[in-house]
Amino acid sequence: QVELVESGGGLVQPGGSLRLSCKASGRTFNLYAMGWFRQRPGRDRNVVAMIAWRGGTTYYADAVRGRFTISKDNTEYAIDMQMDNLRPDDSAVYYCAASSTSSSGYDIWGQGTQVTIST
């Protein structure tokens with residue numbers, strides 16, 4: 001069993017920055033990929049950024065490309081996401097997720113951390 005623990009959410013003004021972190025624990029040796037999703041009130045949960053564990057290939061949603069950067073720690077199953085030039089529409093609950101195999105999809109989820117962009 002794998003557990004994901006997120007940290008780093010909070011309140012920041014438009015144009016500001018935040019850094020989210022996520023660490024996996026438990027049976028992590030087969031994890032295929034990790035990523036961040038977000039969900040705004042009344043909306044679907046959508047992918048923000050993903051990173052493959054082997055090779056480090058990344059993917060970004062169009063809305064965040066150029067402003068957010070996902071990275072991984074090769075010494076442990078942990079990822080960060082640096083979020084710069086934040087906008088009010090980035091406000092959401094951000095979830096860390098992991099894909100346990102290449103065919104499982106994102107099947108492991110963290111509890112979520114609130115990010116609020118407001119004056």
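Which residue takes a positive phi in the hairpin of β4 and β5? In this predicted model, that residue is G42, with phi near 75 degrees, in a hairpin that has five residues between its strands. The hairpin is a handy way into the fold, and the rest of the chain can be read outward from it.

Starting with the overall picture, the chain has 11 strands and zero helices, so an element-by-element reading from the N terminus is simply one β after another. The C-alpha trace spans about 40 × 25 × 20 Å along its principal axes. A compact globule of 119 residues would have a radius of gyration near 14 Å, and the chain agrees with that, coming in at 14 Å. As for burial, 40% of the 119 residues count as buried. Contacts reach well along the sequence too: among those with a separation of 6 or more, 54% are between residues 24 or more positions apart.

Back to β4, which covers residues 33-39. This strand is largely enclosed by the rest of the structure, because six of its seven residues are buried. On one side, β4 pairs with β5 in the antiparallel sense over seven bridges. Seven bridges also join β4 to β9, again running antiparallel. G35 shows both pairings: its bridge partner in β5 is M50, while in β9 it stands opposite A97.

The nonpolar interior comes next. The largest nonpolar core holds 31 residues, and the ones with the most contacts inside it are L4, M34, W36, I79, M81, M83 and Y94. Many strands feed this core: β1 (2-7), β3, β4, β5 (45-52), β7, β8, β9 and β11 (113-117) each supply at least two of its residues.

Charged residues add another layer, with six salt bridges counted in the model. One of them joins E76 and K23, whose side chains meet at 3.2 Å, N to O. E76 sits in the loop between β7 (68-73) and β8 (78-83) and K23 in strand β3 (residues 18-26), so this pair ties together parts of the chain that are 53 residues apart in sequence. Neither end is hidden away: E76 is partly exposed at a relative accessible area of 31%, and K23 is partly exposed at 46%.

A second salt bridge runs between R38 and D90, with the closest N and O atoms 2.9 Å apart. Here too distant parts of the chain are linked, since R38 belongs to β4 and D90 to the loop between β8 and β9 (92-99), 52 residues away. Both R38 and D90 are buried. The salt bridge between R87 and D89 has an N to O distance of 3.4 Å. In that pair, R87 is partly exposed at 34% relative accessibility, and D89 is partly exposed at 40%.

What network of salt bridges includes R38 and D90? The third member is R67, so to speak the hub of this part of the description, and R38, R67 and D90 are linked in it. R67 is placed in the loop between β6 (58-60) and β7. With a relative accessible area of 8%, R67 is buried. Its side chain makes a polar contact with the side chain of D90 at 2.7 Å. The side chain of R67 also reaches the backbone oxygen of N85, at 3.0 Å. Neighbours within four places in sequence aside, R67 is in contact with Q82, M83, D84, N85, L86, R87 and D90. One of these, M83, is also listed among the core residues with the most contacts.

N85 itself deserves a look. This residue is found in the loop between β8 and β9, where its phi is near 50 degrees, a positive value in a residue other than glycine. N85 counts as partly exposed, at 45% relative accessibility.

Terms used. Residues numbered from 1 in each chain as written. Predicted model: local features only at pLDDT ≥ 70, side-chain atom pairs only at ≥ 80, totals over all residues. Heavy atoms only, no water. Salt bridge = Lys/Arg side-chain N within 4 Å of Asp/Glu carboxyl O. Helix = DSSP H or I, 4+ residues; strand = E, 2+ residues; numbered from the N terminus. Buried < 20%, exposed > 50% of the residue type's maximum accessible area, 1.4 Å probe, protein only. Core = buried A, V, L, I, M, F, W, Y, C linked by side-chain atoms within 4.5 Å. Polar contact = N/O pair within 3.5 Å; in protein donor to acceptor, adjacent residues only side chain to side chain. Contact = heavy atoms within 4.5 Å. Pairing = 2+ DSSP bridges. Rg over C-alpha atoms; globule rule 2.2 N^0.38 Å.
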